[in-house]
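Reader: I am new to this structure. Please take me through the reasoning behind the words used for it.

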Amino acid sequence: MSANHLAPGGFAGSRIPGYDKSAMDMEANITGAILALIARFLSGASVRWIDCQPDTCQRVYFANHTSHLDALVVWSSLPAAIRAITRPVAAKDYWSAGPVRRYLSGRVFRALLIDRTEIKVHKTPVDLMIREIADRDSLIVFPEGGRSSGPDVGEFKSGLYYLCKRRPDLELVPVHIDNMNRILPRGEVLPVPLLTCISFGPPMWLEAGEAKAEFLHRAREAVKRLKEL
Amino acid sequence: MDTETLGLVGFVLLLLIAATVVVSLLKRRASASGFDLAVVETFRVRVRAWWILFTGLAAAFLCDQYLAQYRAGQTVTVVLFGLIAFWALREFITLTPTRPGDHRALFWVFFLFAPLQFVLVGMKRYDLYSTLIPVYAFLFIPARVAMSGDTKRFLERTAKIQSGLLICVYCLSYAPALLTLEIPDPIAAGASATKAGTTVRLLFFFVLMTQLSDALQYAWSKLPSRHLLVPTISQTRTWEGLLGGAASVTLLGTALWWFTRPFPVWWHAASTSLVIALMGFAGGLTMSAIKRDRGVRDFGTLVEGHGGVLDRIDSICFAAPVFFHLAHFLLTGEVAPTGGR
């Protein structure tokens, strides 16, 4: 995983070893750009960067989770160059169902699919993330684990903590997604075109010796604070 | 294009250019002498919105002139207003607290009732578009919400959805509906060739007057003598603004009578201008009340960068149905079109 990750043009596929810049990657890129445009129009998303700038350094964007479209909306609100190296972490049972979702998650977002039903001891999601991102990709994670049903931000699962413990150099960027729970609530299939607001907050890190509960609380507060701003 | 339309377009263009020049001058002075920056900024945003609004309208009219030969001479303008209404409704409902139980009802509101209203306007079916939302959507929304089984603040929730649909979609759709009117042409009596031009001027006159009335009421309210109308809602709306604004808009409308010319006599232009000023005021005040209640300054504040479409069109929404009926009455002697096609 070393050779050509700085290939000019920033094609997503060129970063994956064993892949050449082929027509397939081109197509996935174009699909991605179109999809991002559609997603931004449909969600009417306004994007705010609060004490934070878009950057290609390795980051973990962690957001509240209320709808299946969250990953897509956060991903598409990033600038194209950053989008190319940012991969959502998503549930395998949802994103590998059917050819369309499989294509989107596999080729366009290059999502890291987590098997929620079967978590093995030596192949934890955190292992997978650390292996997959190597030293260049950023992640979009939803530490609540599942979608919350209301506008409130649920308690965070500990995965974020273990990820940071092994990679304390990763920049953690809190993201708040406003209104998505009204656009596509749990259990609904058809979206209602309300306006969303995506807020990116100031980066944070896991402090040396910070306890798990303390850290998760701090991270959750960072997301909740963005709602008030 | 006939002389009157050209005159009207020229007048608007001159106004816009003058406003743009004034803005850039004010901006320079503001940075030099500590002139009220907020006022200049408000004005700048308004002028930009006007450019977009009038350029969009003019482009739509031109496309429609071309389409007129296929007997579809209002399609583009109707679609343009439909898109504006859709966006305004998005802003309205986004700021209105709804619950998951409202989801299905909202889906039909956005994807059935809002588009259908404008389709019916385009089809000139006054009998249908005048009842679709106040009757059928009115009955559908509470029934669909009730089926979700969520009864919390039931009446309040359905009323909010209904108001949004009525204000943003139903009322606004009366503006492009002006294009579908069958009115006698005062210039070339009996000639059907200029008929399209007449209704286009009617709509253009209407939009121009709502925007002028907004601007003039704001300008008059900056007088040193200030008697606030409703202090709990607005610190900018004063009696001076309302009276001065209404009077000057009426005068301006009368002065523009020759250019607008859908009306055969001058006092038609005067009375419709006065009504536009009063309804525009009512629209602005009502929307301010809603915004106050929701604790925001603009419908645009939630959606930074989108500028708040609803903030710009509130006066059009309120004035459109009243102007539609009044103009129709003055021109034909009937308050509303009779029959279908």
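Author: Start with one term. A residue is called buried if its relative accessible area is under 20%. Keep in mind that this is a predicted model.

Reader: Why is Gln74(B) called buried?

Author: Its relative accessible area is 8%. The cut-off is under 20%. Gln74(B) therefore counts as buried.

Reader: Where is Gln74(B) found?

Author: Gln74(B) is in a loop of chain B, between α2 (37-67) and α3 (75-95).

Reader: Which residues does Gln74(B) touch, not counting those up to four places away in sequence?

Author: Contact requires heavy atoms within 4.5 Å. By that rule Gln74(B) touches Asp64(B), Gly122(B), Lys124(B), Leu179(B) and Thr180(B).

Reader: Now chain A. What makes strand β3 of chain A mostly covered?

Author: Count its residues. Strand β3(A) spans residues 86-91, and 6 of its 6 residues are buried.

Reader: How do you know that β3(A) and β5(A) pair, and in which sense?

Author: Pairing takes at least two bridges. β3(A) and β5(A), residues 138-141, have 3 bridges, and the sense is parallel. Within this pair, Arg87(A) stands opposite Leu139(A).

Reader: How many bridges join β3(A) to β4(A)?

Author: There are 3 bridges, against a minimum of two. Strand β4(A) covers residues 112-114 and runs parallel to β3(A). Here Ala90(A) stands opposite Leu113(A).

Reader: Which residues of helix α6(A) are buried?

Author: Helix α6(A) covers residues 125-133, and its buried residues are Val126(A), Asp127(A), Met129(A), Ile130(A) and Ile133(A).

Reader: What puts them on the same side of α6(A)?

Author: Their arc around the axis is only 165°, so they lie on the same side of α6(A).

Reader: What do the buried residues of α6(A) pack against?

Author: They pack against β3, β4, β5 and α7 (159-166) of chain A. Strands β4 and β5 are the ones already seen pairing with β3(A).

Reader: What comes just after α6(A)?

Author: Ala134(A) does, and it takes a positive phi of about 45°.

Reader: How many helices and strands are there in chain A?

Author: Chain A has 9 helices and 7 strands. Of its 229 residues, 50% count as buried.

Reader: What share of the contacts in chain A with a separation of 6 or more comes from residues 24 or more positions apart?

Author: That share is 72%.

Reader: What is the accessible surface of chain A?

Author: The total is about 10800 Å², and 59% of that belongs to carbon and sulfur atoms.

Definitions and conventions:
Residues numbered from 1 in each chain as written. Chains lettered and ligands numbered in written order. Predicted model: local features only at pLDDT ≥ 70, side-chain atom pairs only at ≥ 80, totals over all residues. Heavy atoms only, no water. Buried < 20%, exposed > 50% of the residue type's maximum accessible area, 1.4 Å probe, protein only. Helix = DSSP H or I, 4+ residues; strand = E, 2+ residues; numbered from the N terminus. Arc of directions from axis to C-beta. Areas by Shrake-Rupley, 256 points an atom, 1.4 Å probe, with all protein chains shown as cover.
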